[in-house]
Amino acid sequence: MKTFLTIFRKEFTDTVRDRRTLFIMVIFPLLLFPLLFGGITKLQVSQMKKVEEKILRVALINAAGAPGFEAMVSASRGMRITPPIVADSAQPFLQRDSLDAVIIVAADFRDKVESLNAGTMTVMFKSGDDYDIVKRRLHDLLRNYEKQLITSRFAKLKLDQTIVSAVHVEERDVASIKERVGKVLGGFIPYLFVIFCFMGSMYPAIDLAAGEKERGTIETLLTAPVSRFQILLGKFAVVVLAGILSAVISMIGLYTAVRQVKEMPQEMLTAVMGILDVQSILLTLSLLLPLTVFFAGFLLSLSMFAKSYKEAQSIISPLTIVVILPVAIGMVPGIGLTSTTALIPVLNVSLATKEIIAGTIEPGLLALVYISLIVLAALSLWMCTQWFNREETIFRGT
Amino acid sequence: MIVVEHLSKQFALSRQQRREMGAAFTGKTIDALQDVSFRCTPGRIFTLLGPNGAGKTTALRLIATMLKPSSGSVTVAGFDTLKNPVEVRKRVGFLTGNTGLYDRLTPNELVKYYADLHGLDQRTYSARREELFTVLGIHEFATRRIAKLSSGMKQKVSIARTIIHNPDIVVFDEATAALDVVASRSIIQFIRQCKGEGKTVVFSTHRMGEVSLLSDDLAIIHKGRLIYSGTYKEFTDQMKTSSVEDEFVRLVEAA
């Protein structure tokens, strides 16, 4: 135990003094969410507000055909009618951004409406990256105009407008807000934790195995009177701790970020804070522990095989995609935790976390996830031990 | 005392390595050492001489228990390297040309780490550290990160790390290969000091100047086989050429 602690302490000191590891393990997960949520959400909200408040330059063609329409557009907030144009020039004007929209009233519009049919209005606009706000504002305008026409039709026919509705649908969602938000966010949160767990373990694993080979320190370490298993265990523990720390730090970053975003509706904020409760967090971490042990064994084995830090990096980095894939599958609607998916590594953690956050996890399935992860973690440690004892691996390239 | 008897070591080759060996090569392993025997005695410097790739490092790694023999045996201070590797490691200090230091630690931390791995108690460690740091002049940079030290300073730290547990046997694997003249000289002095203290010293090199400066006993190794073993004096007495270097080349070419 004393030897293990000696090795662990040294490896941990060495790891946290590595700027690259420190950045990936601490700085990146801590800053990512406040930047992502705070920065991007604020930017998005301000952009949307800008588009919402933008004065739309609208050209009307044959507006006289639609009684009261021109007056309605003029009276609408945030719209300005431009001097008339001919229909052929509408497209070039829109493409050059000289206009935001052109509304063409069909020649027979008045006749159709008067004969209780539907008249045609063509709305031309340029869709872009304005979250479709321009399109929605134009639709709102036209819907209001239509409502006006329908109201006058019913008045003329002396009918009550309610006769057109035969079924009144009343929706009652029995899912709690925690469940609803949990099912949505629950897919996203394990995605983050698993990725940070993997990335947090990645650099220490590369540095403590391939890095050690490259620096030539592995030789001197192997001449110390300790067993290879003790050396491996010390390194292993640091890689696992780095992965878990990274995930925990990302959780702190997420919590800080959520608290920072003032634009988030109170109801949503309460639900998100409810998701980040102690029980959910502890359960999620208990799933991440065996998963990180699996990652650590796997990453250390690959890193030990590599001749240099660079080679290890080129072998391990593409694996991030392999890890992302099952987590991404877990986000697909309809895929849930079953006795089969509970056995698929990474995907099981993703799905179980989703259920934990929503508060709908079944104890039997959770137990199955634990068993599968513990077996996998044990296998990974065993494989890594075998690998570390192979002379061909340790001295490959030296 | 080190006793090496009929020592052989084979390495398994990967598919790629087998391909690189050419079509004529049909085996799955390569012989790094074949039936090598020698003895290293306390208070004497045993030099292992050979061209690059001859098997010197393999032999020293087998002595230091980093590798396991395929056949034959190595006994270090009375302990078989295969049966009692931990006992052997307690008695061996291993120094390579690559300083083998952790750049992000300080000399203090590094030497303490190895002292802890060797199970030194605090009192023994403090006394030994004080002695070594004073003799080697490490005190002034003991708290600086190793990455910021000069190669000479690093070499001193490396020496302190190697002998913090006061080993009976010190193995130098091409310890001067990557060093400048000044740093090499400090290693040579250190080797002599070890001999003076009655330690068993094994030294591998391909530099002829160092052979004549240091050797009491000499073994020449080529393609994994021992082509000469005896005292250095015997070697120079029976030379058929005018210099140690020429004689070495003659023996290697004849083998």
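In this predicted model, a good place to start looking is where two helices of chain A meet. On one side, α11(A) brings Leu287(A), Pro290(A), Leu291(A), Val293(A), Phe294(A), Gly297(A), Phe298(A), Leu300(A), Ser301(A) and Met304(A). On the other side, α15(A) answers with Val369(A), Leu373(A), Ile374(A), Leu376(A), Ala377(A), Ser380(A), Leu381(A), Met383(A), Cys384(A), Trp387(A) and Phe388(A). Sort those residues by class and you get 18 nonpolar, three polar and no charged ones.

**Helix α11 of chain A and its partners**

- Helix α11(A) covers residues 278-305 and α15(A) covers residues 363-389; their axes sit 8 Å apart and make an angle of about 25 degrees.
- An angle under 35 degrees counts as roughly parallel, so α11(A) is roughly parallel to α15(A).
- If you check the handedness, the crossing of α11(A) and α15(A) turns out to be left-handed.
- Helix α12(A), residues 309-316, is another partner: its axis comes within 8 Å of the α11(A) axis, and the two cross at roughly 135 degrees.
- That angle makes α11(A) oblique to α12(A).
- Here α11(A) makes a right-handed crossing with α12(A).
- From α11(A), the residues in this contact are Leu299(A), Leu302(A) and Ser303(A), and they meet Ala312(A), Ile315(A) and Ile316(A) of α12(A).
- By class, that gives five nonpolar residues, one polar and no charged.

**Nonpolar cores**

- The largest nonpolar core has 144 residues, and the members touching the most other members are Val239(A), Leu299(A), Ile63(B), Val171(B) and Val202(B).
- Take Val202(B) as an example: setting aside neighbours within four places in sequence, its contacts are Ile2(B), Cys40(B), Phe46(B), Leu48(B), Leu60(B), Ile63(B), Val171(B) and Phe172(B).
- There's also a second, separate core of 16 residues, with Leu56(A), Val58(A), Leu60(A) and Val105(A) among them.
- As background, nonpolar side chains tend to be buried together in soluble globular proteins.

**A buried helix in chain B**

- Helix α2(B) runs through residues 56-63, and eight of its eight residues are buried, so the rest of the structure largely encloses this helix.
- The buried residues are Lys56(B), Thr57(B), Thr58(B), Ala59(B), Leu60(B), Arg61(B), Leu62(B) and Ile63(B).
- Right after α2(B) comes Thr65(B), with a positive phi of about 70 degrees.

**Two more positive phi values**

- For context, most residues other than glycine have a negative phi.
- Val346(A) isn't a glycine, yet its phi is positive at about 70 degrees.
- You'll find Val346(A) in the loop between α13 (319-331) and α14 (347-358) of chain A.
- Val346(A) counts as buried because it has 24 C-beta neighbours inside 10 Å.
- Asn166(B) is another residue other than glycine with a positive phi, this time near 50 degrees.
- Its place is the loop between α6 (151-163) and β7 (169-173) of chain B.
- Asn166(B) has 15 other C-beta atoms within 10 Å, so this residue is partly exposed.

**Where the two chains touch**

- Chain A puts 18 residues in contact with 22 residues of chain B.
- On the chain A side, α1 (2-16), α8 (217-222) and α16 (391-394) each supply at least two of the touching residues.
- The largest share, five residues, comes from α1(A).
- Split by class, the chain A side has four nonpolar, seven polar and seven charged residues.

Conventions. Residues are numbered from 1 along each chain as its sequence is written. Chains are lettered from A and ligands numbered from 1 in the order in which they are written. This is a predicted model: local features need pLDDT of at least 70, side-chain atom pairs count only at pLDDT 80 or more; totals for chains, interfaces and linings use all residues. A residue is buried if 20 or more other C-beta atoms lie within 10 Å of its own, exposed if 12 or fewer, and partly exposed in between; C-beta atoms are placed from the backbone. Helices (H or I, at least four residues) and strands (E, at least two) are DSSP runs, numbered from the N terminus. Two residues are in contact if their C-beta atoms, placed from the backbone, lie within 7 Å. Ala, Val, Leu, Ile, Met, Phe, Trp, Tyr, Cys and Pro count as nonpolar, Asp, Glu, Lys and Arg as charged, and the others, Gly among them, as polar. Axes are lines fitted to C-alpha atoms, for helices over the stretch in contact, and angles run from 0 to 180 degrees between N-to-C directions. Angles under 35 degrees count as roughly parallel, over 145 as roughly antiparallel, 65 to 115 as roughly perpendicular and the rest as oblique. A crossing is left-handed if the near helix is turned anticlockwise from the far one by less than a right angle, and right-handed if clockwise. A nonpolar core is a set of buried Ala, Val, Leu, Ile, Met, Phe, Trp, Tyr and Cys residues joined through C-beta atoms within 7 Å.
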